[in-house]
Amino acid sequence: MAASPVASQRDSWATRLGFILAAVGSAVGLGNMWRFPYVASEGGGAAFVMLYLAIVAVVGIPLMTAEFVVGRLTQQSPLVSVRRLGGKAWAPLGWLFVVCGFGILSYYSVIAGWTMRYAIDAVRNAIPSDSSAYFTAVSSGLDATLFHVLFMAVTIWIVVQGVQKGLERSVLVMMPILFLLLAGLAVWAGTLEGGDPGYGYYLRPDLGALLRPGILAAAAGQAFYSLSLGMGALMTYASYLRSKENLGGEATMVALADFGVAFVAGLLVFPVIFAFDLFDTVSESSIGTLFIALPKGFEVLGRTGDFVDTAFFVLLFLAALSSAISLLEVVVTAMIDRWGWRRSRAALVAGGAITLLGVPSAFDLDFLGAMDQITGNFLLLVGGLGIAFFVGWRIFPQADAELALGLESPGLRRTWGVLVRYVAPVILVAVLVSAWPATWTAVRTLLGLE
Ligand code: TRP
């Protein structure tokens, strides 16, 4: 008998742990490893960390809960569900998610390709003595394209195998390794001579910094990107949930794990920067910190350094891969649920198209930066605003009833309602306004006007 695309035959998670680790895997990515430590040290250290946690609680967790609720409620791709629940007028929101998946993965995979290249080279050779020249050689041109293609091939290969055999099985292996590597490296960084001032630099509580304009937007933007919100990725993952657990509790757990990884990443990066006096290199760019400054520090240590270098890039690679599969999954489920495509066909077609779209980013770092700004810092926020309105105003009673299946407390649900309906939209609009100038510049860059 031919398979029919009814809900009962749709993929689902085998275990609750599988779902949680997959969601954590989506959230924990390159954004945790370099962006958070940076933004935190510049934004007031421990004071910023407190502000960040407050934003995660007030905007991040409620919106993540909102995504989870829609996913489990409809058991369908976000592209299909927003239209089905909201009517025709909401269809563009579903398409925005798909566009974000395309756009973000196209350049994310290029950076992930560098991590793959670095990890492979680190196993085979000693660290190149001129890490800056090495980065320039690896980060764009044919080399970068080759590893971008390879990384996409691995991502497609996992997604082709489906939710349980592909996504779930891979995160069950990858995430524990990632946590162990990160913890091990952070402990190692603690033993470095001369590294201690790094902790002070990272975390000194500078309350004055919180008064700077734009600091709230910086914290909110970072929280949003880091938690993978705004493009239906977590909604897609929740659409494979069957059991009626407390989605607010799941969202809290995922958000805290994501924060934990970001926080510990800072405990790794800053001692290394101080121990090896890498400040000049760091100031060039934030991407440069990971790919130029840290290897420069590791190199001083000889064999130990080679070992640490390998561990570090394997860690980045795993973080990137577990995020990439969720980006591709958004597009793939959309094709499966909307057009009834087979998973393998959807993954190959979507993955192939995204690979092509990434080629300009592999040749031109300015193009890559512009894609990041437009999709990662802007369209995601538009999507998040859409989700807040959709869940908070268009389908609120239904969403609230779905949440209630696992969350009995009326008080907590009422709080959630207020945060999703009023607080999140206000903050998101403020962030969007402050992100607009840089986004406009990026659009001009893409069009070749700058
Ligand atoms: N959260 C990822 C990171 O920290 C990046 C990201 C943003 C993402 N939106 C996403 C990943 C959607 C997967 C899906 O690097």
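**Exercise 1. A salt bridge**

In this predicted model, find the residue that forms a salt bridge with Arg 72, and say which helices the two residues belong to.

*Solution.* Start at Arg 72 and look for an acidic partner: Arg 72 forms a salt bridge with Glu 402. The closest N and O atoms of the two are 2.7 Å apart, and the cut-off for a salt bridge is 4 Å. Next, place both residues: Arg 72 sits in helix α3 (residues 46-74), while Glu 402 belongs to helix α18 (residues 396-404). The pair therefore links distant parts of the chain, 330 residues apart. Side chains of opposite charge can pair when their charged atoms come close. Finally, widen the search to the whole structure, and you will find 10 salt bridges.

**Exercise 2. Around the ligand**

How many residues surround the ligand, and which are the closest?

*Solution.* Count the shell first: 16 residues surround the ligand. The closest are Ala 27, Leu 30, Gly 31, Tyr 108 and Tyr 225. Now sort the shell by class, which gives 8 nonpolar, 8 polar and no charged residues. Then turn to the helices: α1 (16-27), α2 (30-42), α10 (215-226) and α15 (303-339) each supply at least two residues of the shell.

**Exercise 3. Polar atoms and cover**

Which polar atom of Ser 228 lies 3.1 Å from a ligand nitrogen, one of the backbone or one of the side chain?

*Solution.* For Ser 228, it is a side-chain atom. Compare Tyr 225, where a polar backbone atom is 2.9 Å from a nitrogen atom of the ligand. As a last step, check the cover: the protein covers 100% of the 360 Å² of accessible area that the ligand has on its own.

Notes
Residues are numbered from 1 along each chain as its sequence is written. This is a predicted model: local features need pLDDT of at least 70, side-chain atom pairs count only at pLDDT 80 or more; totals for chains, interfaces and linings use all residues. Side-chain values use heavy atoms; hydrogens and water are left out. A residue is near a molecule or strand if one of its heavy atoms lies within 4 Å of it. A polar contact is a pair of N or O atoms within 3.5 Å; within protein, one must be able to donate a hydrogen and the other to accept it, and residues adjacent in sequence count only if both atoms are side-chain atoms. Accessible areas come from the Shrake-Rupley method with a 1.4 Å probe; for residues, only the protein chains shown count as cover. Helices (H or I, at least four residues) and strands (E, at least two) are DSSP runs, numbered from the N terminus. Ala, Val, Leu, Ile, Met, Phe, Trp, Tyr, Cys and Pro count as nonpolar, Asp, Glu, Lys and Arg as charged, and the others, Gly among them, as polar. A salt bridge is a side-chain nitrogen of Lys or Arg within 4 Å of a carboxyl oxygen of Asp or Glu.
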